[in-house]
Amino acid sequence: IPQYIVELDPAYMVTPDLKVWASFRYQGKRYANINEAYYFNGYWESFGGVNWQVNPRLALGCTVVNFLNQKGSIAGAELVTKAEAAQYKNTLMTGSYLRPLTVEFTASIRL
C-alpha cells in the first residue's frame with residue numbers, strides 16, 4: 001500500500017455522446033515485499049480513453065493503459081529480508097511491476 005496517492009482525472013465531452021478522458025495517478029513510496037525490505041520510489045500510472053454512446057442501446061469504448069509506458073519491478077522481492085536487501089542500497093533495479101502498454105476495446109449492448 002503506498003504512503004499516499006494523488007489522482008488527476010480530466011475529462012472532456014466533445015459532443016453529448018462522445019467523451020475523452022485521462023487518469024494520472026501518482027503513488028508515493030510503496031514496499032515491494034511483506035518484509036518491507038525493498039520499496040518502490042514514487043511513480044505515475046496513466047490511463048486514457050474515448051467513450052461513445054452510439055445510441056441508447058450501444059456504447060463503444062477504447063482505453064489505453066500505461067500510455068507513458070513506464071516500467072519497474074524487483075524479481076523475487078517477496079523472499080528477501082531487510083538485512084539481505086541492505087546490499088542493494090542505492091542500486092537501480094528495474095523490470096515490470098506496472099501494467100504494460102495496452103489498448104482495450106469495449107462494446108456494451110443493452111436489451
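**View 1. Glycine 28 sits in the loop between β3 (18-27) and β4 (30-31).** Everything in these close-ups comes from a predicted model. Is glycine 28 buried or exposed? With a relative accessible area of 0%, glycine 28 counts as buried, because buried means under 20%.

**View 2. Here are the neighbours of glycine 28.** Leaving aside residues up to four places away in sequence, glycine 28 touches Pro2, Gln3, Tyr4, Phe40 and Gly42. Take proline 2: glycine 28 is 26 residues away from proline 2 along the chain, yet their C-alpha atoms are separated by just 5.5 Å.

**View 3. Tyrosine 4 is found in the segment before β1 (5-8).** We've met this residue already, as one of the contacts of glycine 28. Tyrosine 4 itself is partly exposed, since its relative accessible area is 44% and the partly exposed range runs between the 20% and 50% cut-offs.

**View 4. Tyr4 also helps make a nonpolar surface patch.** Which residues join Tyr4 in the patch? They are Val6, Leu8, Trp44, Phe67, Leu68 and Leu101, and together with Tyr4 they make a patch of about 630 Å².

**View 5. Asparagine 66 lies in the loop between β7 (58-65) and α1 (82-85).** What's the phi of asparagine 66? It's positive, at about 55°, even though asparagine 66 is not a glycine. For background, most residues other than glycine have a negative phi. Asparagine 66 is also buried, because its relative accessibility of 4% is under the 20% cut-off.

Terms used
Residues numbered from 1 in each chain as written. Predicted model: local features only at pLDDT ≥ 70, side-chain atom pairs only at ≥ 80, totals over all residues. Heavy atoms only, no water. Patch = residues over 30% accessible without salt bridge, like charges linked within 9 Å, V, L, I, M, F, W, Y side chains within 5 Å. Areas by Shrake-Rupley, 256 points an atom, 1.4 Å probe, with all protein chains shown as cover. Salt bridge = Lys/Arg side-chain N within 4 Å of Asp/Glu carboxyl O. Helix = DSSP H or I, 4+ residues; strand = E, 2+ residues; numbered from the N terminus. Buried < 20%, exposed > 50% of the residue type's maximum accessible area, 1.4 Å probe, protein only. Contact = heavy atoms within 4.5 Å.
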